[in-house]
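Work through these exercises with the model open. Try each task before reading its solution.

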Amino acid sequence: MALLFIPLAVLAQILGLTTVALISVWMIKYLDGFAWDGSSQQFNLHPFLMVIGLIYFYGNAIIIYRITSGLNVPRLAVKLAHFILQLCAFICSIIALVAVFQFHNANQIPNMYSMHSWAGIATVVMFGLQLLFGFLIFLFPKLPERYRTLYMSSHIFFGVFILGLAGATVLMGIGEKLAFAGSTLNTEAILGNVAGLTTIAFTCIIAYIIYKPDYYADRSLTSCKMFCTGVQSNQDPLVTKKGCNSDTLNA
Ligand code: HEM
């Protein structure tokens, strides 16, 4: 098992759950909880669902191949879990968008005026496209091996990029919400700021787990394929060092 993988994976869980907990406490205890009636309580569902979906579920979907490798989980089950976690994230993000748009409309607040909202729409659209392409290419109808391998490095790049964009959008959203509440260092501000920091740390650790070369070694066939394909053309000795050969590539 690669050095520090388990502590990092555990730390990622702690940070992700802490982010969700902080946003929940902020929305429930300090901003009157949730409702679906056009009120500010409906708005509260927006940050709550966005953080659960596009940060926590999505981050876990990204590292699920690493977490399950070596545990003898059937490959199709991991693929389905990777997809289902992202589907849940997408559903959360759509409900969160409907919540904030309806809240704005019900209160005659203009839509799409902020950088946060523009970056947010870009995040959700890119996330939806990534999910769609991933489904078509890897699950159904599932393209031949050659095309899947070709697409893999872009899939991984955009996967991490979109998580980073979601993290940046969350920071802007927290900043805006706190600014609406007034410029003062109260408990709400502390909750929001700490949630921002844990979001940064969570996305950073997910990205680190995905890009750390050691964690590719024998950890998942998918990474093995991606890694081997990436270096094969350069005749990199790592191809053999990492145990990737024609058997693992064609499995
Ligand atoms: C990746 C996660 C998020 C995405 C994709 C996202 C997306 C969006 C979008 C598209 C809007 C515009 C709605 C409209 O114009 O009617 C919006 C509004 C808003 N969001 Fe988020 N959001 C996210 C997370 C958050 C978080 C964590 C907060 C923190 C409290 C937040 C606070 C706000 C606020 C205050 C508004 C209303 C002001 C504005 O339109 O900029 N958002 N969000």
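**Exercise 1.** How many residues surround the ligand, and which are the closest?

*Solution.* This is a predicted model. Start at the ligand: 25 residues surround it. The closest are Asn 111, Ser 114, Ser 117, Gly 120 and Gly 173. Next, find the elements behind this shell. Helices H2 (40-68), H3 (75-106), H4 (115-139) and H5 (145-180) each give two or more residues. H5 gives the most, with 7 residues. Finally, sort the shell by type: 13 residues are nonpolar, 10 are polar and 2 are charged.

**Exercise 2.** Are H2 and H5 roughly parallel or roughly antiparallel to each other?

*Solution.* First, take the axes. Those of H2 and H5 come within 10 Å and cross at roughly 155 degrees. Then apply the cut-off: an angle over 145 degrees counts as roughly antiparallel. The two helices, H2 and H5, are therefore roughly antiparallel. Last, the hand: H2 passes H5 in a left-handed crossing.

**Exercise 3.** Which residues of H2 and H5 meet?

*Solution.* Begin on the H2 side, with Pro 47, Met 50, Val 51, Leu 54, Ile 55, Tyr 58, Gly 59 and Ile 62. Facing them in H5 are Gly 159, Val 160, Leu 163, Ala 166, Gly 167, Val 170, Gly 173 and Lys 177. Now sort the residues of this contact: 11 are nonpolar, 4 are polar and 1 is charged. Gly 173 appears here and also among the closest residues to the ligand.

**Exercise 4.** How many helices and strands does the protein chain have?

*Solution.* Count the elements: 9 helices and 0 strands. Then check burial: 33% of the 251 residues count as buried.

Definitions and conventions: Residues are numbered from 1 along each chain as its sequence is written. This is a predicted model: local features need pLDDT of at least 70, side-chain atom pairs count only at pLDDT 80 or more; totals for chains, interfaces and linings use all residues. A residue is near a molecule or strand if its C-beta atom, placed from the backbone, lies within 6 Å of it. Helices (H or I, at least four residues) and strands (E, at least two) are DSSP runs, numbered from the N terminus. Ala, Val, Leu, Ile, Met, Phe, Trp, Tyr, Cys and Pro count as nonpolar, Asp, Glu, Lys and Arg as charged, and the others, Gly among them, as polar. Axes are lines fitted to C-alpha atoms, for helices over the stretch in contact, and angles run from 0 to 180 degrees between N-to-C directions. Angles under 35 degrees count as roughly parallel, over 145 as roughly antiparallel, 65 to 115 as roughly perpendicular and the rest as oblique. A crossing is left-handed if the near helix is turned anticlockwise from the far one by less than a right angle, and right-handed if clockwise. Two residues are in contact if their C-beta atoms, placed from the backbone, lie within 7 Å. A residue is buried if 20 or more other C-beta atoms lie within 10 Å of its own, exposed if 12 or fewer, and partly exposed in between; C-beta atoms are placed from the backbone.
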